[in-house]
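Let's take a walk through this structure together, moving from its charged pairs to its sheet and helices. Keep the 3D view open as you read.

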Amino acid sequence: MQEDVVVTSEFDSDYLECPVKLVQQQAKGIGFQLWPAATFLCRYLEESITGSEHGQLFGLDKPLEQLHCLELGAGIGLAGLFAAGLGCRTATLTDLPEVLPILEKNLDANPSLADRVFVAPLSWGTDDWRLAHQGRVPDLILAADCVYWPELFAPLEDTLFHLCSQFGATVLLAHTKRWKRDEKFFSLCRKRLSVQKIHEVVERSGDCGEPLTVASGGVGGGGDGGGGPFAPHGTTAASSASNEPLSAEDTGKRRVVRRIYQIRRKEVPSPPPEGGSGRVL
């Protein structure tokens with residue numbers, strides 16, 4: 001059995017008053033360690049802030065300091081903690097109940113953010129989304145490498161749909177391309193939501209610290225835990241993932257593709273004027 005070693009590190013930015021301190025316990029599973037897609041999402045947030053006008057981001061009608069953020073599949077919580085450090089009004093870190101202890105540890109490790117960061121359980125495909133925000137209706141949803149287990153595609157889509165349709169939230173989803181099957185998730189989302197790829201980076205696999213296959217213990221991309229901190233249906237990370245390679249395209253070129261998707265509710269077209277067809281002649 002792998003020794004349960006506690007690893008501490010820091011994630012810094014010129015836009016933070018102090019670095020985000022991180023605690024990892026990799027032996028406990030993929031929800032207890034930092035995955036590269038989380039840092040990828042953080043750097044995207046950082047770049048977006050420098051290029052935003054009047055502090056407004058991603059087409060939202062509020063400045064950064066008024067945004068309530070909610071992170072899905074938070075794992076160790078880097079993305080949500082980073083968003084709070086950048087100036088979001090609040091950040092709620094959510095994951096399965098089994099993962100909340102590591103989130104609490106990371107919140108304790110960052111006392112300067114304690115009055116604006118909260119931890120709550122949220123299992124996808126349930127009604128947890130109704131209460132997880134604890135009265136802080138989310139404007140911005142963050143998710144990093146949550147598109148992982150096919151069994152969770154539908155539950156994740158359902159949760160995103162409710163958060164977007166009920167609250168009008170905008171989702172920023174960081175994704176590491178591994179398998180062609182991942183596109184099934186985005187196709188599912190497009191049936192009820194607006195999905196747009198807004199950023200993409202191609203890295204050499206050796207440069208990003210990520211191997212070309214997912215090994216036991218959750219080596220790979222991933223938000224921090226990616227909403228699937230434990231293998232579903234009683235399988236283990238090793239048995240259900242370690243033998244599944246990246247797509248042949250990625251493996252052949254030895255590259256890792258990371259993307260940011262923006263997901264929103266679909267806008268309902270305005271009805272034509274009364275008595276008219278709505279067509280321009």
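Let's begin with charge: eleven salt bridges are found in this structure, which is a predicted model. A good one to locate is the pair formed by Arg192 and Asp158, whose side chains meet at 3.6 Å, N to O. This pair links distant parts of the chain, since Arg192 lies in the loop between α6 (182–190) and β8 while Asp158 belongs to helix α5, 34 residues apart. How accessible are the two partners? Arg192 has 32% relative accessibility and counts as partly exposed; Asp158, at 21%, also counts as partly exposed, because the buried class is reserved for values under 20%.

Another salt bridge joins Arg190 to Glu183, with the closest N and O atoms 2.8 Å apart. Arg190 is partly exposed at a relative accessible area of 35%, and Glu183 is partly exposed at 35% as well. Salt bridges with shared partners also tie Glu157, Asp158 and Arg192 into one network. Elsewhere, Asp127 and Arg130 meet through their side chains at 3.8 Å, N to O. Here Asp127 is exposed, with a relative accessible area of 52%, whereas Arg130 is partly exposed at 48%; the line between these two classes is drawn at 50%.

Now turn to the sheet. Seven strands form an open sheet with mixed pairing, in the order β5-β4-β3-β6-β7-β9-β8. Its edges are β5 (117–121) and β8 (193–204), each of which pairs on one side only. On average, neighbouring strands are turned by 20° against each other, direction ignored. At one edge, β8 runs antiparallel to β9 (residues 255–265), and eleven bridges join the two. To find your place in this pairing, look for Arg204, whose bridge partner in β9 is Arg255.

Helix α5 (residues 153–167) packs on this sheet, where it touches β3 (68–72), β6 (140–144), β7 (170–176), β8 and β9, and its direction makes about 45° with that of β9. Does the length of α5 fall short of expectation or agree with it? At 1.5 Å a residue, its 15 residues should span 21 Å, and the end C-alpha atoms are 21 Å apart, so the two agree. The buried residues of α5 include Phe153, Leu156, Leu160 and Leu163, as well as Glu157, which we met above in the salt-bridge network. Just after the helix, Gly168 adopts a positive phi of about 70°.

Helix α3 (residues 100–108) has its own buried set: Leu100, Ile102, Leu103, Asn106 and Leu107. These residues lie on the same side of α3, because they cover an arc of only 160° around the axis. What do they pack against? Their neighbours are β2 (20–24), α2 (78–86), β4 (90–95) and β5.

Our last stop is helix α1 (residues 36–51), the home of Cys42. Cys42 is buried, with a relative accessible area of 0%. Leaving aside residues up to four places away in sequence, Cys42 touches Phe11, Leu78, Ala79 and Phe82. Cys42 and Phe82 are 40 residues apart in sequence, yet 6.7 Å separates their C-alpha atoms. Tyr44 is also found in α1 and counts as buried at 12% relative accessibility. Its C-alpha atom is 8.4 Å from that of His199, which is 155 residues away along the chain.

Key: Residues numbered from 1 in each chain as written. Predicted model: local features only at pLDDT ≥ 70, side-chain atom pairs only at ≥ 80, totals over all residues. Heavy atoms only, no water. Pairing = 2+ DSSP bridges. Helix = DSSP H or I, 4+ residues; strand = E, 2+ residues; numbered from the N terminus. Axes fitted to C-alpha atoms, helices over the stretch in contact; angles between N-to-C directions. Contact = heavy atoms within 4.5 Å. Buried < 20%, exposed > 50% of the residue type's maximum accessible area, 1.4 Å probe, protein only. Arc of directions from axis to C-beta. Expected span 1.5 Å × (residues − 1). Salt bridge = Lys/Arg side-chain N within 4 Å of Asp/Glu carboxyl O.
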